[in-house]
Amino acid sequence: MALKEKIQIRRTQKAHAHWSDTHDMSSATLQQGLAFTLVENIKQKLACTDQEMASALGISLSTYARLKRTPNSSISQISSEKIYRILSAINTAYQTFDSEEDAELWLKYPSAELAGIPAHILLHEPGTTKVIQELRKIQQGVFA
């Protein structure tokens, strides 16, 4: 493998690892609660509103706003597990497409198969499962 290819792979790994690496999340980390900054990063990546993210976490908008204002805040174990599920779908998108940009574009573009925008659908179960299933079909070359 050429040096240029190795550098590109490393850059891609670093770009994904900064906030979306679910492999390093232990059950202890989820039990303690993930940092709220991770939620905000996901919200920006998916172009979601505060209301959509609060709903995905199963918390009120006022609780979401309080977490947003509080430095170094963390979310509950239940909310952390929901974020883990969302990150799993995002990582599957990254694995499916050639670039982070392509994956994020797919997540934000309406899908006929999913009858909606994947980024919004994956915020709740069973939508996450549907998005991952659709990405697996794309990986396998199955198109409707």
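A residue counts as buried when its relative accessible area is under 20%, as exposed when it is over 50%, and as partly exposed in between. The exercises below use this cut-off on a predicted model.

**Exercise 1. Classify Ser 79 and place it in the fold.**

Step 1. Find the element. Ser 79 lies in helix α6.

Step 2. Read the accessibility. Ser 79 has a relative accessible area of 3%.

Step 3. Apply the cut-off. Buried means under 20%. Ser 79 is therefore buried.

Step 4. List the contacts. Neighbours within four places in sequence are left aside; Ser 79 is then in contact with Leu 57 and Ile 59.

Step 5. Follow one partner. Leu 57 is one of the buried residues of α4.

**Exercise 2. Describe the chain as a whole.**

Step 1. Count the elements. The chain has nine helices and zero strands.

Step 2. Gauge burial. Of the 144 residues in the chain, 38% are buried.

Step 3. Look at the surface. The accessible surface comes to about 8,500 Å², and carbon and sulfur atoms hold 53% of that area.

Step 4. Look at contact range. Take the contacts with a separation of 6 or more: 63% of them join residues 24 or more positions apart.

**Exercise 3. Work out how α4 sits among the other helices.**

Step 1. Name the buried residues. In α4 they are Met 53, Ala 54, Ala 56 and Leu 57.

Step 2. Check their directions. These residues cover an arc of only 160° around the axis, so they sit on the same side of α4.

Step 3. Find the cover. The elements over the buried residues of α4 include α3, α5 and α6.

Step 4. Look past the end of the helix. Gly 58 follows α4, and its phi is positive, near 75°.

**Exercise 4. Sort three salt bridges by the elements they join.**

Side chains of opposite charge can pair when their charged atoms come close. A search of the whole structure finds six salt bridges. Three are treated here.

Step 1. Take Lys 43 and Glu 40. Their side chains meet in a salt bridge at 3.6 Å, N to O. Both residues lie in helix α3, three residues apart, about one turn of the helix. Lys 43 has 11% relative accessibility, so Lys 43 counts as buried. Glu 40, with a relative accessible area of 15%, is buried too.

Step 2. Take Lys 45 and Glu 100. The closest N and O atoms of this salt bridge are 2.7 Å apart. Lys 45 lies in helix α3 and Glu 100 in helix α7, so the pair ties together parts 55 residues apart in sequence. Lys 45 is partly exposed, with a relative accessible area of 21%. Glu 100 counts as buried at 13%.

Step 3. Take Lys 68 and Asp 50. Their side chains meet in a salt bridge at 2.9 Å, N to O. Lys 68 lies in helix α5 and Asp 50 in helix α4, so this pair ties together parts 18 residues apart in sequence. Lys 68 is partly exposed at 40%. Asp 50 counts as partly exposed at 22%.

Step 4. Look for links between pairs. Glu 40, Lys 43, Asp 50 and Lys 68 are linked in a network of salt bridges.

**Exercise 5. Explain where Ala 103 goes and what surrounds it.**

Step 1. Find the element. Ala 103 is in helix α7, which spans residues 100–108.

Step 2. Read the burial. The relative accessible area of Ala 103 is 0%, so Ala 103 is buried.

Step 3. List the contacts. Not counting residues up to four places away in sequence, Ala 103 touches Ala 93, Tyr 94 and Phe 97.

Step 4. Add a distance. Ala 103 and Ile 90 are 13 residues apart along the chain, and their C-alpha atoms are separated by 8.0 Å.

**Exercise 6. Map the largest nonpolar core.**

In soluble globular proteins, nonpolar side chains tend to be buried together.

Step 1. Get the count. The largest nonpolar core has 33 residues.

Step 2. Find its centres of contact. Ile 42, Leu 46, Ile 83 and Ile 86 have the most contacts inside this core.

Step 3. Assign the contributors. α3, α4, α5, α6, α7, α8 and α9 each supply at least two residues of the core.

Step 4. Pick the main supplier. The largest share, seven residues, comes from α6.

Key: Residues numbered from 1 in each chain as written. Predicted model: local features only at pLDDT ≥ 70, side-chain atom pairs only at ≥ 80, totals over all residues. Heavy atoms only, no water. Helix = DSSP H or I, 4+ residues; strand = E, 2+ residues; numbered from the N terminus. Buried < 20%, exposed > 50% of the residue type's maximum accessible area, 1.4 Å probe, protein only. Contact = heavy atoms within 4.5 Å. Areas by Shrake-Rupley, 256 points an atom, 1.4 Å probe, with all protein chains shown as cover. Salt bridge = Lys/Arg side-chain N within 4 Å of Asp/Glu carboxyl O. Arc of directions from axis to C-beta. Core = buried A, V, L, I, M, F, W, Y, C linked by side-chain atoms within 4.5 Å.
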